[in-house]
Amino acid sequence: MDREIVKLIAQAGGIAIFPHVSADGDAIGSSLALALALKNAGKKVIVYLEENIPTVYRFLPGTELACFYDTQDEVMDINIALDTGDVGRLGTRGDAFFEAPCTINIDHHVTNTKFALLNFVDDMSASTGEIVYTLLKKLKLGIDRDIAACLYTAVSTDTGGFKYSNTTSETHRIASELLATGIDIGELSQRIFDNTTYTKLKLTQKAIELLELHENAKLAAVAISQADLQATGAKDEDCDGIVNIGRSIEGVEVSVLVKEKNAEEVRVNLRSKTHVDVSEVAAAFGGGGHKRAAGCTVKGSLQEVKEQMINVLKEKLQ
Ligand SMILES: [Mn+2]
């Protein structure tokens, strides 16, 4: 962890935290954990959201510190972006982020563009939660049960419940220390991983119906339109995890989910199993991510973008 960053955070009176758009468990968990710890240290702290916190993470401690940005809000000493690979992932909060005299970018995406004044990017960390854990240790801030629950959410979701290849012994060492605070991981895991809604299941059913296999069944593709979302009553956040269905199929190396955002834009989620670097593919389209999980937003119709992705991925698979 960068000493300058630790020093500046220690000295700051007010800090705002910015998780990425379509915030996942790592973005929400690490943001709330850092917010709670800084608040315990007597600092003024706020988490600026792009959207409402996904339903599944609303039980987490610290959600009362999160809200939407208002142009009337006081400018903080430091704005910290967490788990955010590039400015685009700040969504509509880009201008707000750069208002503070000091900006810090803490992340683990290999494609991070280092857009802040100070940047700490560790792509060997499985989650931003791991980095925030280390940061709290360097700041000598205590990790109570509430903070541990948030960090455990971050660490466990970005590793797919400690199953993905990004999981290291350090990941488990941190998880072990979090468990030692007395958090109930049975309850946490049930809320995070074994918890779905009927509409999400309907969307999953639709996605399986729409799933196509290409390139000798090494490539799985699903295209979800706004009409599909409306027909199933699903929300955007319900698409989280759908891309993993394709990857789980025996013999599939790459899975792609293309989701219509609106008439002009399509969100693309990419997953690979063992060797294709999907962060390169996402970066070529202005997005980013990790070797085995990445994403980008592409202009065009759903059908056009789907075909474009299939063509690019076919080449990668050869
Ligand atoms: Mn992450």
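**Figure 1. Strand 1 and strand 2 of the predicted model run side by side in parallel.** Strand 1 covers residues 14-19 and strand 2 covers residues 44-49. The two strands are joined by four bridges. Within this pairing, Ile15 stands opposite Val45 of strand 2. In general, the strands of a sheet pair through backbone hydrogen bonds, in either a parallel or an antiparallel manner.

**Figure 2. Six strands form an open sheet with parallel pairing.** The order of the strands across the sheet is 3-2-1-4-5-6. Strand 3 (66-68) and strand 6 occupy the edges and have a single partner strand each, so one side of each lacks a neighbour in the sheet. On average, neighbouring strands are turned by 25 degrees against each other, direction ignored.

**Figure 3. Helix 1 and helix 4 are shown with the strands they contact.** Helix 1, made of residues 3-11, lies across strand 1, strand 4 (78-82), strand 5 and strand 6. Its direction is at about 120 degrees to strand 6. Helix 4, made of residues 128-138, packs on the sheet and touches strand 4, strand 5 and strand 6. The direction of helix 4 makes about 120 degrees with that of strand 5.

**Figure 4. A manganese ion is coordinated by Asp26, Asp83, His108 and Asp158.** The coordinating atoms are OD of each aspartate and NE2 of His108, at 2.1 to 2.3 Å. Along the sequence, the donor residues follow the spacing D-x56-D-x24-H-x49-D. His108 belongs to the loop between strand 5 (102-107) and strand 6 (118-121), while Asp158 belongs to helix 5 (residues 145-158); the pair therefore ties together parts that are 50 residues apart in sequence. Both His108 and Asp158 are buried.

Methods
Residues are numbered from 1 along each chain as its sequence is written. This is a predicted model: local features need pLDDT of at least 70, side-chain atom pairs count only at pLDDT 80 or more; totals for chains, interfaces and linings use all residues. Side-chain values use heavy atoms; hydrogens and water are left out. Donors are N, O and S atoms within 2.8 Å of the metal (3.2 Å for Na, K and Ca); water is not among the atoms, so sites may look incomplete. Buried means under 20% relative accessible area, exposed over 50%, partly exposed in between (1.4 Å probe, protein chains only). Two strands pair if DSSP finds at least two bridges between them. Axes are lines fitted to C-alpha atoms, for helices over the stretch in contact, and angles run from 0 to 180 degrees between N-to-C directions. Contact means heavy atoms within 4.5 Å.
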